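Got your viewer open? Load the model, find the selection box, and let's take a walk through it together.

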Amino acid sequence: MAEKKIGEVTHYFDKIGVAIIKLSAPLRMGDKIRVKGATSDFEQVVDSMQIDHQDVESAESGQELGIKVSDKAREGDDILKVE
């Protein structure tokens with residue numbers, strides 16, 4: 001499977017399991033992503049996205065958004081889109 005880096009984790013909220021991501025490429029609901037870092041490595045389908053506490057269906061390059069993640073993410077982890 002091809003993977004393309006589309007962003008990076010800038011913050012992680014442990015109690016609610018949400019990663020803040022700075023995008024370098026578009027992301028949509030239903031996309032499969034991989035969170036990869038020094039100690040993180042998991043895949044999931046994006047099923048919850050928010051920008052400024054508002055639910056959104058998609059986000060563009062340059063935007064920061066929060067997504068609910070299934071495992072612990074860390075600052076600096078790469079966000080890869082799985083094709």
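Start by selecting the hairpin of β1 and β2: 4 residues sit between the two strands, and among the residues of this hairpin G17 takes a positive phi near 65 degrees. Strands here are DSSP runs of E with at least two residues, helices are runs of H or I with at least four residues, and both are numbered from the N terminus.

Before going further, a word on what you're looking at. This is a predicted model, in which local features need pLDDT of at least 70, side-chain atom pairs count only at pLDDT 80 or more, and totals for chains, interfaces and linings use all residues. Residues are numbered from 1 along each chain as its sequence is written, and side-chain values use heavy atoms, with hydrogens and water left out.

**Stop 1: both sides of β1**

Colour residues 3-13, which are β1, and residues 18-23, which are β2. These two run antiparallel and are joined by 6 bridges. Two strands pair if DSSP finds at least two bridges between them. Click on V9 and look across to β2: I21 stands opposite.

Now add residues 78-82, strand β10. β10 runs antiparallel to β1, with 5 bridges joining the two. To see one position in that pairing, pick K5 and find L80 of β10 opposite.

**Stop 2: on to β9**

Go back to β2 and select residues 64-68, which make up β9. Strands β2 and β9 pair in the antiparallel sense over 5 bridges. Remember I21? L65 in β9 stands opposite I21, and the bridge partner of I20 is G66.

Next, bring in β6, which is residues 49-51. It pairs with β9 over 2 bridges, again in the antiparallel sense. Here M49 has I67 of β9 as its bridge partner.

**Stop 3: the whole sheet**

Zoom out and show the cartoon. Which strands build the sheet, and in what order? There are 8, forming an open sheet in the order β5-β4-β10-β1-β2-β9-β6-β7 with antiparallel pairing. β5 (41-45) and β7 (54-55) stand at the edges, and each has a single partner strand, so one side of each is left without a neighbour in the sheet.

**Stop 4: the β5 edge**

Select residues 32-36, strand β4, together with β5. They run antiparallel, joined by 5 bridges, and form a hairpin with 4 residues between them. Pick I33 and you'll find that its bridge partner in β5 is Q44.

Now show the side chains of β5. F42 and Q44 make up its covered face, while D41, E43 and V45 are on the uncovered one.

**Stop 5: G66 and the β7 edge**

Select G66, back in strand β9. Is G66 buried or exposed? At 12% relative accessibility it counts as buried; the cut-offs are under 20% relative accessible area for buried, over 50% for exposed and partly exposed in between, using a 1.4 Å probe and protein chains only. Not counting residues up to four places away in sequence, G66 touches V18, A19, I20, S48, M49 and Q50, where a contact means heavy atoms within 4.5 Å.

Next, click on Q54 in strand β7. With a relative accessible area of 53%, Q54 is exposed. Try the distance tool: from C-alpha to C-alpha, Q54 and G66 are 9.8 Å apart in space and 12 residues apart in sequence.

D52 is in the loop between β6 and β7, and it is exposed, with a relative accessible area of 68%. C-alpha to C-alpha, D52 is 8.4 Å from G66, with their positions 14 residues apart in sequence. For another distance, try D52 and G7: 45 residues apart in sequence, 18 Å apart in space, C-alpha to C-alpha.

**Last stop: the full view**

Select everything. In total, the protein has 0 helices and 10 strands. Along its principal axes the C-alpha trace spans about 30 × 30 × 20 Å. Of the 83 residues, 37% count as buried. Finally, look at the contacts with a separation of 6 or more: residues 24 or more positions apart account for 62% of them.
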